[in-house]
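Let's take a walk through this model together. Keep your viewer open and your selection tool ready.

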Amino acid sequence: MWRAIVAAVWLAGAGGALAEEADPQLDAALLQCLGAAPFVEADRLREQALARRSTGIEPSEPRLRGQLLEMARLDQQARDGDWSQAMVEKMLAVDAANLAKIRQVVADHGGLPDVRAVGVDGVRAAWLLVQHADADAGLQRQVLDGLAPRLASGEVSSREFALLTDRVLVNAGKPQRYGSQLAAIGGRWQPKAMEAPEQVDQRRASIGQMPLADYLCVAAQMFPAPATDAEGRLL
């Protein structure tokens, strides 16, 4: 039996698209989750500002950029399904295939490659692949430890910082800080264990992220939880 877990796919995968194109599915979700809209718009504006600052920069490693984008496409394709056992098996196989490649990229660049090397979308793709590299918790921790300068420059968003922070903590068997890592329990998305849950919205606000209730609302609208029992096992 598989435990159905989502790492907030609507946020993890949407970052690169926010600046360039509308997402009808996200827009429809925001009509049901009005409190989330200002935060999504703020993310969109930050992405647009980064894109403007990067205008005219030709990636110095265009081949690597292309590889990262293709790996990220396969990553997201594998997560577009019904969360059946067959879908989860496919997802894990794609993650395993991507792991050796993204591990080498991180080793070659001392962390995520930067915008000058692979462009804004290449950085987003590399981050996404690390986010899903659960079989190598050390790799995720290494990248997380190097995110602070990227966060200050805008190359990495606070959304991505929160997602990877929580992923590293959960994979280490510790409570998460921002509530971004969700599990389907009784057919509903719920955050995995959190430190001081009563303070989670304060922590989220401190990095400009929406309240947890709005986050859960959008996740439920965009990615309906699979049918699971009270232990999170797929039915």
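Start with helix α3 and select Pro24, Leu31 and Gln32: these residues are exposed, on one side of the helix. Keep in mind as you look that this is a predicted model. Now turn to the other side of α3. Which residues of helix α3, spanning 24–32, are buried? They are Leu26, Ala29 and Leu30. These three sit on the same side of α3 because they cover an arc of only 100° around the axis. An α-helix has 3.6 residues a turn, so residues three or four places apart point the same way.

Next, select Leu68, Ile102, Leu112, Leu164 and Val218. You are now inside the largest nonpolar core, which has 47 residues, and these five have the most contacts within it. Add helix α7, residues 115–131, to the view: with 11 residues, α7 gives the most to this core. Apart from this core lies another one, made of six residues, including Trp83, Val88, Met91 and Val94.

Zoom in on Leu164. Leaving out residues up to four places away in sequence, Leu164 touches Trp127, Val130, Gln131, Gln140, Val143, Leu144 and Leu147.

Our last stop is empty space. There are four cavities of 30 Å³ or more, and the largest has a volume of about 50 Å³. To find the largest cavity, select its lining: Asp75, Asp95, Asn98, Leu99, Ile102, Leu129, His132 and Ala133. Color that lining by type and you will see four nonpolar, two polar and two charged residues. Helix α6, residues 85–109, gives the most to the lining, with four residues.

Notes: Residues are numbered from 1 along each chain as its sequence is written. This is a predicted model: local features need pLDDT of at least 70, side-chain atom pairs count only at pLDDT 80 or more; totals for chains, interfaces and linings use all residues. Side-chain values use heavy atoms; hydrogens and water are left out. A nonpolar core is a set of buried Ala, Val, Leu, Ile, Met, Phe, Trp, Tyr and Cys residues joined through side-chain atoms within 4.5 Å. Buried means under 20% relative accessible area, exposed over 50%, partly exposed in between (1.4 Å probe, protein chains only). Helices (H or I, at least four residues) and strands (E, at least two) are DSSP runs, numbered from the N terminus. Contact means heavy atoms within 4.5 Å. On a 1 Å grid over the protein atoms alone, a cavity is a set of points where a 1.4 Å probe fits but cannot get out, and a pocket is an open set with protein on both sides within 12 Å along at least five of seven lines; lining residues have an atom within 4 Å of a point. Grid points are joined across faces, edges and corners, and a volume is the space filled by probe spheres set on the points. Ala, Val, Leu, Ile, Met, Phe, Trp, Tyr, Cys and Pro count as nonpolar, Asp, Glu, Lys and Arg as charged, and the others, Gly among them, as polar. The arc is that of the directions from the helix axis to the C-beta atoms.
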